[in-house]
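Open the model in your viewer and keep the selection box handy. We'll go stop by stop, picking residues and saying what is there.

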Amino acid sequence: MSVLDIQFTSHDCGSCPIRHRAVCARCDDDELARLEEIKYYRSFEPGQTLIWSGDHMDFVGSIVSGVATLSQTMEDGRTQMVGLLLPSDFVGRPGREQAAYDVTAVTDLTMCCFRRKPFEHLMETTPHVAQRLLQMTLDELDAAREWMLILGRKTAREKIASLLSIIGRRDASLGLGGPVGDEMVFDLPLTREAMADYLGLTLETVSRQVSALKKDGIIALEGKRRVRVPSYDALLAETGDDSDGGLMA
């Protein structure tokens with residue numbers, strides 16, 4: 001099962017597919033009960049905007065299933081995709097009333113939302129929620145720095161390989177068809193046009209590099225979006241990172 005295949009059919013926190021990675025990961029039963037009182041679910045279709053940059057946000061929440069993009073529009077109308085939101089990622093910033101980015105669903109998407117003001121109060125009285133949100137914020141900072149490296153220093157082939165490894169790694173962390181031995185299978189949530197926008201490449205370059213990775217046996221494509229990675233280590237070797245996560249000379 002992949003990120004795109006999750007179907008969240010229960011509103012019980014204990015059976016939530018992102019329970020071990022979401023903002024509530026460290027909560028005990030009493031704390032979960034308090035979250036239950038202020039949560040609700042929202043569903044979005046592909047292409048639908050969750051929130052516009054500058055809008056007042058009366059909610060925060062976690063993506064339960066699906067994928068969204070973070071993007072920012074410049075004064076001349078150009079739009080740059082600046083991030084991906086995958087299952088368990090948090091949307092919104094407690095303490096901030098306005099959204100910093102446009103958030104748009106790429107696939108069918110379900111969010112577990114919390115009313116912002118009650119959530120902010122709960123953070124003050126529930127250390128486990130505040131601690132987990134801090135950890136997630138630091139992880140997000142690490143991801144942003146990783147993406148700066150990808151966009152600024154890597155070749156087109158390394159960019160494509162890095163994006164595939166990031167998505168595959170997240171699938172694995174959620175137990176969604178991740179590594180079986182050294183093999184990994186996942187669904188690519190972005191079209192090639194969206195990949196080009198996200199990576200700062202042309203569509204032709206993305207298609208050419210994906211074909212090259214396929215020809216070299218690094219990946220196999222099954223249908224339009226299904227990606228099979230015979231060796232995750234081989235894919236990592238194509239990212240340009242050394243074993244410590246730094247850039248190879």
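Select cysteine 113 and show its sulfur: the closest cysteine sulfur, in cysteine 112, is 7.0 Å away, too far for a bond. A disulfide here means a pair of cysteine sulfur atoms within 2.5 Å, and by that rule the count comes to zero. Buried or exposed: what is cysteine 113? At 0% relative accessibility, cysteine 113 counts as buried. Cysteine 112 is buried too, with a relative accessible area of 10%. (Buried is under 20% relative accessible area, exposed is over 50%, and partly exposed is in between, using a 1.4 Å probe and protein chains only.)

Before moving on, two notes on the numbers. This is a predicted model, where local features need pLDDT of at least 70 and side-chain atom pairs count only at pLDDT 80 or more, while totals for chains, interfaces and linings use all residues. Residues are numbered from 1 along each chain as its sequence is written, and side-chain values use heavy atoms, with hydrogens and water left out.

**The four-stranded sheet**

Stay with cysteine 113 and add tyrosine 40: cysteine 113, in β8, is the bridge partner of tyrosine 40. Now widen the selection to β1 and β8, which pair in the antiparallel sense over six bridges. Strands (E, at least two residues) and helices (H or I, at least four) are DSSP runs, numbered from the N terminus, and two strands pair if DSSP finds at least two bridges between them.

Which strands complete the sheet? The order is β1-β8-β3-β6, an open sheet of four strands with antiparallel pairing. Colour β1 (39-44) and β6 (90-91) as the edge strands, each pairing on one side only. Then bring up helix α2 (residues 116-125), which packs on this sheet and touches β3 (59-65), β6 and β8. The direction of α2 makes about 70° with that of β8. Angles run from 0 to 180 degrees between N-to-C directions, and axes are lines fitted to C-alpha atoms, for helices over the stretch in contact.

Next, click arginine 115, which sits in strand β8 (residues 109-115). Arginine 115 counts as partly exposed, at 40% relative accessibility. Which residues does arginine 115 touch, leaving out those up to four places away in sequence? They are Glu37, Ile38, Tyr40 and Asp58, where contact means heavy atoms within 4.5 Å. Try a C-alpha distance from arginine 115 to tyrosine 40: the separation is 8.4 Å, although they are 75 residues apart along the chain.

**A hairpin and its other neighbour**

Select β4 (residues 68-73) and β5 (residues 79-85), an antiparallel pair with six bridges. These two strands form a hairpin with five residues between them, and glycine 77 in the turn has a positive phi of about 95°. At one place along the pair, threonine 73 stands opposite threonine 79 in β5.

Now add β7 (residues 102-105), which pairs with β4 in the antiparallel sense over four bridges. Leucine 70 has valine 103 of β7 as its bridge partner.

From β5, jump to helix α3 (residues 127-153) and pick alanine 144. Its C-alpha is 8.7 Å from that of valine 82, with the two positions 62 residues apart in sequence terms. Alanine 144 is partly exposed, at 39% relative accessibility.

**Two crossing helices**

Select helix α5 (residues 192-199) and helix α6 (residues 203-215). They pack at an angle of about 105°, with axes 8 Å apart. α5 and α6 are therefore roughly perpendicular to each other, the word used for 65 to 115 degrees (under 35 is roughly parallel, over 145 roughly antiparallel, the rest oblique). Show side chains for Arg192, Glu193, Met195 and Ala196 of α5, and Leu203, Val206, Ser207 and Val210 of α6, which make the contact.

The buried residues of α5 are Ala194, Met195, Ala196, Tyr198 and Leu199. Just past the end of α5, glycine 200 takes a positive phi of about 70°.

**Last stop: the three-stranded sheet**

Finish with the open antiparallel sheet in the order β9-β11-β10. β9 (184-187) and β10 (220-222) are the edge strands, each pairing on one side only. On average, neighbouring strands here are turned by 25° against each other, direction ignored. Zoom in on β10 and β11 (residues 226-229), an antiparallel pair with three bridges. There, glutamate 222 has arginine 226 in β11 as its bridge partner.
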